Amino acid sequence: MTAVVLAALAASARAVAHRPPGEVCVCGSGDAVLADRSDATVVRHGDVVAKAHAVETDPADLAARLDVAARLSGVLLAPSAPRATRLHGRLVTFWPHGTPVDRDDPDAAPWEAAGALLARLHAAPLPHPLPPMRGPAKAARAVARLLAAQGSRSAAAPVLRAWAALPAWARDEAPAPGPHALCHGDLHLGQLVRGPGGRWLLIDVDDLGAGDPAWDLARPAAWFACGLLSPEEWTRFLDAYRDAGGPAVPGDGADPWPALDVPARALTVQTAALAITKAVAADRALDEVEQALVDACVRMSGVEARPPELAPDATK
């Protein structure tokens, strides 16, 4: 984003942080750019965060998602302003600043909070109208980026084979099978913050919508299957989801993998595709974690993907 637009976004954050207009700023922290990507630019001033959404964002879809966030304020971080505004052709929303997960302290990762919050989100009534959950669309976009990248064709081949083996709905080529639930669409630990009162809350409504709730469990499931998430962490997350009545997987210690298999495979492909694309752009080899994702795609093409840790009795 250009410096002019960044300055305008910061000014809009200051305007929301200091009401009525003209109030003297005592925040003491100035403006901070938290993210500047093609799909989102985020600027903070004081306790207010201004987010400029992707250019192609549909205004009606974003309005519906903001309404859900305001209504489910104990699950999702509620917006500071009820409606988006336009700034230099981008839709902009305003949010309270929350404290993110500490990446330097993985042992303190809030897996239980993530599982319980997801269960509550999935159990909430589906408002109408509500757009589809955008998880499959993001996976399809990652594969399209891989196809457009140059080089690393040998690494890309098993990823594309694994993608082709997925059902049409997981490739965003057909509606997801029902029953649908209210889904986050892009769940990972970066989507949790401590909000007012110190409670963990989910953030980022850009992909929120109606869909298969198993998709929201798919990234931790994929990490677990690839050996990137320990059995203990996976169990903490899954047990918390089940204990809170989450509908995506059967309860009572039954095998969750039949429900999670397709979404977990799709998230593995998505993450591997993005890893290869970034490695190609940087003209570097895949690192250990990225190679583990590609290796998982190789296995998905030829052997049963269910990891032994996901046997029916493993998470009791």
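In this predicted model, the side chain of Q191 reaches the backbone oxygen of D186, at 3.2 Å. Q191 itself is found in the loop that runs between β7 (181–183) and β8 (192–194). Is this residue buried or exposed? With a relative accessible area of 4%, Q191 is buried, because anything under 20% counts as buried. Its surroundings fit into a short list. Once neighbours within four places in sequence are set aside, Q191 is in contact with H184, D186, L201, L202, I203 and D204. So D186 turns up twice here, as the residue whose backbone oxygen the Q191 side chain reaches and as a member of that contact list.

Stepping back to the chain as a whole, there are nine helices and 10 strands. The chain has 316 residues, and 49% of them count as buried. How much of the contact network links residues far along the sequence? Taking the contacts with a separation of 6 or more, 71% are accounted for by residues 24 or more positions apart.

Now for the helices. Two packed helices are described by the angle between their axes and the distance between the axes. Helix α3 (residues 111–123) is a handy place to begin, with two partners to look at. One of them is helix α7 (residues 231–243), which packs against α3 at an angle of about 30°, the axes being 7 Å apart. Angles under 35 degrees count as roughly parallel, and α3 and α7 are therefore roughly parallel to each other. Their crossing is right-handed. On the α3 side, the residues taking part are W111, E112, A114, G115, A116, L118, A119 and H122, and they meet E233, R236, F237, A240 and Y241 in α7. Sorted by class, the residues of this contact come out as eight nonpolar, two polar and three charged.

The other partner is helix α6 (residues 215–225), where the angle with α3 is about 150° and the axes are 10 Å apart. Because an angle over 145 degrees counts as roughly antiparallel, α3 is roughly antiparallel to α6. Here W111, L118, L121 and H122 of α3 meet D216, L217, P220 and W223 of α6. The split for this contact is six nonpolar, one polar and one charged. Some α3 residues serve both partners: W111, L118 and H122 appear in the contact with α7 and again in the contact with α6.

A119 and Y241, which belong to the contact between α3 and α7, also have a link to a loop residue. G246 touches both A119 and Y241, not counting residues up to four places away in sequence. This glycine is found in the loop between α7 and α8. At 10% relative accessibility G246 counts as buried, because that value is under the 20% cut-off. As for P213, it lies 33 residues from G246 along the chain, and the C-alpha atoms of the two are separated by 8.8 Å.

A further helix pair is formed by α4 (residues 135–148) and α8 (residues 257–282), which pack at an angle of about 35° with their axes 8 Å apart. Which way does the crossing of α4 and α8 turn, left-handed or right-handed? It is left-handed. From α4 come G135, K138, A139, A142, V143, R145 and L146, and these meet A266, V269, Q270, A273, L274, I276 and T277 in α8. By class, the contact of α4 with α8 has nine nonpolar, three polar and two charged residues.

Key. Residues numbered from 1 in each chain as written. Predicted model: local features only at pLDDT ≥ 70, side-chain atom pairs only at ≥ 80, totals over all residues. Heavy atoms only, no water. Axes fitted to C-alpha atoms, helices over the stretch in contact; angles between N-to-C directions. Helix = DSSP H or I, 4+ residues; strand = E, 2+ residues; numbered from the N terminus. Parallel < 35°, antiparallel > 145°, perpendicular 65-115°, else oblique. Left-handed = near helix turned anticlockwise from the far one by under 90°. Contact = heavy atoms within 4.5 Å. Nonpolar A, V, L, I, M, F, W, Y, C, P; charged D, E, K, R; others polar. Buried < 20%, exposed > 50% of the residue type's maximum accessible area, 1.4 Å probe, protein only. Polar contact = N/O pair within 3.5 Å; in protein donor to acceptor, adjacent residues only side chain to side chain.
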